[in-house]
Amino acid sequence: MIKIATWNVNSVRTRQDSILNWLRKHEPDLLCLQETKVEDEKFPMEAFRAAGYEPAVAGQKSYNGVAMLSKRPLTDVRIGFPDLPLDEQKRLMAATIDGIRVINVYMPNGQSVGSEKFIYKLGFIARLRTYLDQCHKPEEPLVMVGDFNVAPEPIDVHDPAAWVGEVLFHPEARAALAHLKSWGLEDLFRLHHAEAGVYSWWDYRIAAFRRNLGLRIDHIWGTPAVAARCRACEIDKDPRAEERPSDHAPVIAMIE
């Protein structure tokens with residue numbers, strides 16, 4: 001069994017103790033982080049090594065950033081899209097663990113519908129689909145994890161009518177995500193949960209977490225070869241209830 005988790009931590013240094021406590025409690029084999037917000041040379045490598053995890057990092061100052069914390073050896077670690085320079089926004093990292101290719105992605109938020117950042121978001125998702133087309137096959141054991149910054153379906157949003165015009169649930173963003181998924185990926189959480197009202201992100205404002213006014217925008221998707229081996233997939237809300245939390249909750253998948 002391999003336990004793979006994903007978590008947008010909204011600053012790895014601010015949330016370092018919370019992450020370390022979570023690792024001790026859950027002991028995932030691989031934790032993929034997004035929005036680390038720190039340059040590689042300032043990433044707290046030794047703290048995670050002392051906890052038994054070897055980091056692979058791709059960060060930048062104050063914004064974006066992805067990382068993988070692994071108990072098991074990672075091979076073929078790659079950063080970014082093959083056709084883009086490495087000094088682009090740090091949003092993508094891939095590595096292989098125990099024969100499973102893991103793609104860790106922090107998709108753009110998009111800021112506001114119609115803005116340049118929203119156009120960039122749609123282009124990023126389209127480029128990710130091209131990346132899969134060019135570099136992988138749906139028959140492979142592959143998972144894509146991360147903060148996708150899109151809630152796929154109305155069931156993933158506490159108030160779909162209120163959110164339909166926003167960047168996290170806009171029809172164009174959802175269509176782009178659906179096209180990405182149609183490459184050959186399955187939503188591992190939905191394999192095990194059909195219920196509404198389960199979210200992974202809650203705004204810091206308006207007491208959103210206490211009122212459960214959330215969206216499910218953090219995902220673990222897998223190819224059929226992985227989905228057939230997925231025995232559980234859960235969202236852990238406990239870290240969101242901590243003092244000074246990330247606004248996201250971790251998602252965990254158990255794969256045989």
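**Two sheets and the helices on them**

Let's start with one pair of strands. Strand 5 and strand 6, residues 92-97, run antiparallel and pair over three bridges. Two strands count as paired if DSSP finds at least two bridges between them. Strands (E, at least two residues) and helices (H or I, at least four) are DSSP runs, numbered from the N terminus.

A word on the source. This is a predicted model, where local features need pLDDT of at least 70, side-chain atom pairs count only at pLDDT 80 or more, and totals for chains, interfaces and linings use all residues. Residues are numbered from 1 along each chain as its sequence is written, and side-chain values use heavy atoms, with hydrogens and water left out.

Now the whole chain. The protein chain has seven helices and 14 strands. Its C-alpha trace spans about 45 × 45 × 40 Å along the principal axes. How does the radius of gyration agree with that of a compact globule? For 256 residues, such a globule would have a radius near 18 Å, and the protein chain has 17 Å, which agrees. That radius is taken over C-alpha atoms, and the globule rule is 2.2 Å times the number of residues to the power 0.38.

Of the 256 residues, 55% count as buried. Buried means under 20% relative accessible area, exposed means over 50%, and partly exposed lies in between (1.4 Å probe, protein chains only). Contacts (heavy atoms within 4.5 Å) tell us about the fold too. Among contacts in the protein chain with a separation of 6 or more, 70% join residues 24 or more positions apart.

Back to our opening pair. Which sheet do strands 5 and 6 belong to? They sit in an open sheet of six strands, ordered 5-6-7-8-12-9, with mixed pairing. Strand 5 (75-79) and strand 9 (186-187) are the edges; each has a single partner strand, so one side of each lacks a neighbour in the sheet. Arg78 has Ala94 in strand 6 as its bridge partner.

Two helices pack on this sheet. Helix 3, residues 116-135, touches strand 6, strand 7 (100-106) and strand 8 (142-147), and its direction makes about 165° with that of strand 7. Helix 5, residues 171-181, touches strand 8, strand 9 and strand 12 (218-222), at about 25° to the direction of strand 12. Those axes are lines fitted to C-alpha atoms, for helices over the stretch in contact, and the angles run from 0 to 180 degrees between N-to-C directions.

Stay with helix 5. Which of its residues are buried? They are Ala173, Ala176, Leu177 and Leu180. They cover an arc of only 95° around the axis, which puts them on the same side of helix 5. The arc is that of the directions from the helix axis to the C-beta atoms. An α-helix has 3.6 residues a turn, so residues three or four places apart point the same way. The buried residues of helix 5 pack against helix 3, strand 8 and strand 12.

Just before helix 5, look at His170. It is in the loop between helix 4 (160-163) and helix 5. His170 is buried, at 12% relative accessible area. Leaving out residues up to four places away in sequence, His170 touches Val113, Phe118, Val164 and Gly165.

Next, the other sheet. Again six strands form an open sheet, here in the order 3-4-2-1-14-13, with mixed pairing. Strand 3 (54-58) and strand 13 are at its edges, each with a single partner strand, so one side of each has no neighbour in the sheet. On average, neighbouring strands of this sheet are turned by 15° against each other, direction ignored. Strand 2 (residues 30-34) pairs antiparallel with strand 4 (residues 66-70) over five bridges. Leu31 stands opposite Leu69 in strand 4. Helix 1, residues 16-26, packs on this sheet, touching strands 1, 2, 4 and 14, and its direction makes about 160° with that of strand 1.

Strand 14, residues 251-255, is mostly covered: four of its five residues are buried. Strand 1 (residues 2-8) pairs with strand 14 antiparallel over five bridges. Ile4 faces Ala253 there. Strand 13 (residues 230-235) also pairs with strand 14 antiparallel over five bridges. Ala232 has Met254 as its bridge partner.

Last, two backbone details. Asn149 is not a glycine, yet has a positive phi of about 55°. Arg244, not a glycine either, has a positive phi of about 50°. Buried or exposed? Asn149, in the loop between strand 8 and helix 4, counts as buried at 4% relative accessibility. Arg244, in the loop between strand 13 and strand 14, counts as exposed at 63%.
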